[in-house]
Amino acid sequence: MNKRIKKILIVLLCLVWVIGIGVIRYIHYQNSAIVICIDAGHGGYDTGAIAADGTYEKSLTLAYAKQIGTYLEASDENIRVVYTRTSDTVSWPSNVSKDLKARVQYTKDEEADYYLSIHFNSADASAYGYTAYVKCDDKASKAIYKTMAQNLSKSGWEYDRGIETTTNYPLYVVDNLSIPSMLVEVGFITNKNELQDLEQSTYRKTICKAIANAYISYIQKQSDD
């Protein structure tokens, strides 16, 4: 065997070794990562609430969901984020019942450890603030929301309307998942001033970081215990 062939074989062996290590690391990551499913509320046929200026709730939820996911994965390499949708094209039919069932099934198929749904509220023009909905016995989501509210308060995003349970406000997706699940209403798009803030990139980054950091803090605490 001449020297040239030996060099080629050595290079090929090195490539196989590098690829093998990469595959092993990927499999380990897939199996050990904490999976957070982020659901951008509404989408496609469903606009969600519509602000006075024509802003669709579904557009804001998508922007916020993707920003939160970006912060989560950048902050902790052990976190993997999956999304029920990453654009306005949805994979489910234009039917509310099938829509909700599809979000539940997707979350289960991805074997997610946490579920977070992003929404924006609507009411009279004077209402403002954020709130969340969780199952009554979901201690994890309640703890995460407590930290989230603290983070948002420190960042100047007001105000905390408190946490509600699905005992009083049933929510199909949250109620049909066995993992820690939370639906967050980030603010009111029917409040002109709050909507202006929500649409600003500076506020969006601040709010998304506060939400992401609440999950990161909780997950890391669980790992340390």
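This note goes through the predicted model point by point, from the overall fold to single residues.

1. **Overall layout.** The model is a prediction. The protein chain has seven helices and six strands. Read from the N terminus, the order of elements is α-β-α-β-α-β-β-α-β-α-β-α-α. The chain counts 225 residues, and 44% of them are buried. Among contacts with a separation of 6 or more, 80% come from residues 24 or more positions apart.

2. **Helix α7, length check.** Helix α7 covers residues 201-224, which is 24 residues. At 1.5 Å a residue it should span 34 Å. The end C-alpha atoms are 34 Å apart, so the expected and modelled spans agree.

3. **Helix α7, burial.** Which residues of α7 are buried? They are I207, C208, A210, I211, A212, A214, Y215, I216, Y218 and I219. N213 also lies in helix α7. N213 is partly exposed, because its relative accessible area is 35% and the partly exposed class runs between 20% and 50%. In space, N213 and T147 are 8.4 Å apart, C-alpha to C-alpha. In sequence, 66 residues separate N213 and T147.

4. **Packing of α6 on α7.** Two packed helices are described by the angle between their axes and the distance between those axes. Helix α6 takes in residues 192-199. It packs with α7 at an angle of about 80°, and the axes are 5 Å apart. That makes α6 roughly perpendicular to α7, since angles of 65 to 115 degrees fall in that class. On the α6 side, the contact uses D197, L198 and E199. On the α7 side, it uses S201, Y203, R204 and I207. The residues of this contact divide into three nonpolar, one polar and three charged. I207 also appears among the buried residues of α7.

5. **Salt bridges, the count.** Side chains of opposite charge can pair when their charged atoms come close. How many salt bridges does the model hold? The count comes to four.

6. **D88 with K58.** These two residues form a salt bridge, with the closest N and O atoms 2.9 Å apart. D88 sits in the loop between β2 (79-83) and α3 (96-109). K58 sits in helix α2, residues 57-75. The pair is 30 residues apart and links distant parts of the chain. Accessibility differs between the partners. D88 is partly exposed, with a relative accessible area of 38%. K58 is buried, with a relative accessible area of 8%.

7. **E110 with R80.** The side chains of E110 and R80 meet in a salt bridge at 3.8 Å, N to O. The cut-off is 4 Å, so this pair counts. E110 lies in the loop between α3 and β3 (114-121), and R80 lies in strand β2. The pair therefore ties together parts that are 30 residues apart in sequence. E110 is partly exposed at 24% relative accessible area. R80 counts as buried at 15%.

8. **R103 with D99.** Here the closest N and O atoms are 2.6 Å apart. R103 and D99 are four residues apart in helix α3, so about one helical turn separates them. R103 is buried, with a relative accessible area of 3%. D99 is buried, with a relative accessible area of 3%. Salt bridges that share partners join D39, D99 and R103 into one network.

9. **Cis peptide bond.** The peptide bond from E158 to Y159 is cis, with omega near 0°. Y159 is found in the loop between α4 (139-155) and β5 (160-165).

10. **Positive phi at H42.** H42 is not a glycine, yet its phi is positive, at about 65°. H42 belongs to the loop between β1 (34-40) and α2. Is H42 buried or exposed? H42 is buried, with a relative accessible area of 17%. The limit for that class is under 20%.

11. **Positive phi at E111.** E111 also has a positive phi, about 50°, although it is not a glycine. E111 is placed in the loop between α3 and β3. E110, the partner of R80, lies in the loop between α3 and β3 as well. E111 is exposed, with a relative accessible area of 64%.

Key
Residues are numbered from 1 along each chain as its sequence is written. This is a predicted model: local features need pLDDT of at least 70, side-chain atom pairs count only at pLDDT 80 or more; totals for chains, interfaces and linings use all residues. Side-chain values use heavy atoms; hydrogens and water are left out. Helices (H or I, at least four residues) and strands (E, at least two) are DSSP runs, numbered from the N terminus. The expected span of a helix is 1.5 Å times one less than its number of residues. Buried means under 20% relative accessible area, exposed over 50%, partly exposed in between (1.4 Å probe, protein chains only). Axes are lines fitted to C-alpha atoms, for helices over the stretch in contact, and angles run from 0 to 180 degrees between N-to-C directions. Angles under 35 degrees count as roughly parallel, over 145 as roughly antiparallel, 65 to 115 as roughly perpendicular and the rest as oblique. Contact means heavy atoms within 4.5 Å. Ala, Val, Leu, Ile, Met, Phe, Trp, Tyr, Cys and Pro count as nonpolar, Asp, Glu, Lys and Arg as charged, and the others, Gly among them, as polar.
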